[in-house]
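Visitor: Could you take me through one part of this model up close? I'd like to start with the cysteines and then follow the chain outward from there.

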Amino acid sequence: MSYTIALNFEDGVTRFISCKDGETVLDAAYRHKVNLPMDCSDGVCGTCKGTCEQGAFDLGDEYIDEALSDEEAAEGKVLTCQMVPSSDCVVQVPVASTLCKTGVAEFPGRVAEVSRLSEDSFELVVDLDEGEGLTFLPGQYVNIQVPGSDETRSYSFSSLPGERRATFLIRNVPNGLMSGYLTGAAKPEDDLTLTGPMGSFYLREVERPVVMLAGGTGLAPFLSMLRQLQARGCDQPVRLLYGVNVDDHLVKLDELDAFVEALPDFAYTTVVADAASEHPRKGYVTHHMAPELLHDGEVDVYLCGPPPMVDAVLAHFREQCISPASFHYEKFTPSLAPEEAKKEAVA
């Protein structure tokens, strides 16, 4: 038996390793040529300290308090030299991946299909050459090199982790490099290079109600999260507010309807900003965020969208004195190429 351990580094890189039954995370990492910080490997120095965000494990009782206090252990801190997993785990490593002699992984793929979902968005379907598909945490993204250039663009997966076919929702940016490729040059079997996965915006273990706030193609990571919830089961209420600028920008409603049928307590609400729209709910997601949706703060909130939407939600929470039990968001910020965007994830 073995377990999958996601090592999330300070620079946003995630590396996945397998940990054998009874093996420590430190030993498993070294077996995968990932040199996690370590001085003693005996639970004495504390150099290998990290945080386990989710998963079950045993730390034993051979480490000393100076290396890991009871208070730190209660907060989820771990010593990777003592940590023996008994399930899949996600571990935060408080150093850059390059300091551990590792880095972002590179994966080959091929264009399977490009679909125009609306005047504002595409769906890119990529066949991966990985034998077992690409492992990632639902909500994370990869960089995709734009064919014919040295430039890359960042896109969240909308597909389920581990599948041989990955999907992405991509905004149609006027004069954008990737948008131009998808509009006029892309064809099946084109070679693609993906690097990742990356990002701290991903689905945590569901222990309380979940609220998802999506703007435009920010819907993509939530489709991945919902697929994961469907695959693993979820007994908590999950609500999605999905906002767009105009009616035509609402996409993937058939998939959302399918999740309503597949998940025991899932519902979604769509909102259109265009004042001329005949949609029953106009405005922004903050206009339709009923107080009962937030369960007096006992809720996990995930937010993905353009900067104005993210800033508006943050301001709304401040004004309403709302402090969710956990709040994770991702927004797009200007990159070196002015016509495109890169991701900024904040947990």
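**Around the cysteines and beyond**

Guide: The sulfur of Cys48 sits 3.7 Å from the closest cysteine sulfur, which belongs to Cys81, and that is too far for a bond. A disulfide would need the two sulfur atoms within 2.5 Å, so the pair misses out at 3.7 Å. Keep in mind as we go that this is a predicted model. Cys48 itself is buried, at a relative accessible area of 7%. Cys304 is in no disulfide either, with the nearest cysteine sulfur, that of Cys234, 19 Å away. Cys304 is buried too, and its relative accessible area is 0%. The tally for the structure comes to 0 disulfides.

Now step along to Lys49. Its side chain meets that of Glu72 in a salt bridge, at 3.0 Å from N to O. Lys49 belongs to strand β3 (residues 49-54) and Glu72 to helix α2, so this contact ties together parts that are 23 residues apart in sequence. As for cover, Lys49 is partly exposed, with a relative accessible area of 23%. Glu72 is partly exposed as well, at 23% relative accessibility.

Stay with that stretch of chain a moment, since there's a charged patch to look at. Asp65, Glu66, Asp70, Glu71 and Glu75 gather on the surface as a patch of negative charge. Take Glu66 from that group: you'll find it in the loop between β4 (57-58) and α2 (70-74). Glu66 is exposed, and its relative accessible area is 65%. The loop between β4 and α2 also holds Ile64, a residue that counts as partly exposed at 32% relative accessibility. If you want a sense of how far Ile64 is from a residue much later in the chain, try Glu330: the two are 266 residues apart in sequence, and their C-alpha atoms are 38 Å apart in space.

Back to salt bridges, of which the structure holds 13. One set worth zooming in on is a network that links Glu123, Arg227, Lys252 and Glu255. Within that group, Arg227 pairs with Glu255, and their closest N and O atoms are 2.5 Å apart. Arg227 lies in helix α4 (residues 220-232) and Glu255 in helix α5 (residues 253-262), so here the pair ties together parts that are 28 residues apart in sequence. Arg227 is partly exposed, with a relative accessible area of 21%, whereas Glu255 is buried at 17%. The cut-off for buried is under 20%, so Glu255 falls on the buried side with its 17%. Glu255 has another partner in Lys252, and their side chains meet in a salt bridge at 3.0 Å, N to O. Lys252 and Glu255 are both buried.

Next, a few spots in the backbone. Most residues other than glycine have a negative phi, and most peptide bonds are trans. With that in mind, look at Gly196 and Pro197: a cis peptide bond joins them, with omega at about 0°. Pro197 lies in strand β13 (residues 191-198). For phi, try Ser41, which isn't a glycine but has a positive value near 60°. Ser41 is found in the loop between α1 (25-31) and β3, and at 35% relative accessibility it counts as partly exposed. Asn175 is another non-glycine residue with a positive phi, of about 65°. Asn175 lies in the loop between β12 (165-171) and α3 (177-185), where it is exposed with a relative accessible area of 76%.

One last stop is Lys101, in the loop between β7 (89-93) and β8 (105-118). Lys101 counts as exposed, at 66% relative accessibility. Follow its C-alpha to that of Val34 and you get a separation of 6.2 Å, though the two residues are 67 residues apart along the chain. Set that beside Ile64 and Glu330, where the C-alpha atoms are 38 Å apart and the residues 266 apart in sequence.

To pull the tour together: Cys48 and Cys81 have sulfurs that are too far apart for a bond, while right after Cys48 comes a strand whose Lys49 reaches Glu72 of helix α2 through a salt bridge. Further on, Glu255 takes part in the network with Glu123, Arg227 and Lys252.

Conventions: Residues are numbered from 1 along each chain as its sequence is written. This is a predicted model: local features need pLDDT of at least 70, side-chain atom pairs count only at pLDDT 80 or more; totals for chains, interfaces and linings use all residues. Side-chain values use heavy atoms; hydrogens and water are left out. Buried means under 20% relative accessible area, exposed over 50%, partly exposed in between (1.4 Å probe, protein chains only). Patches are made of residues with over 30% relative accessible area and no salt bridge: like charges are joined within 9 Å, nonpolar side chains (Val, Leu, Ile, Met, Phe, Trp, Tyr) within 5 Å. Accessible areas come from the Shrake-Rupley method with a 1.4 Å probe; for residues, only the protein chains shown count as cover. A salt bridge is a side-chain nitrogen of Lys or Arg within 4 Å of a carboxyl oxygen of Asp or Glu. Lys and Arg count as positive and Asp and Glu as negative; His and the chain ends are not counted. The place of a charge is taken as NZ of Lys, CZ of Arg, CG of Asp or CD of Glu. Helices (H or I, at least four residues) and strands (E, at least two) are DSSP runs, numbered from the N terminus.
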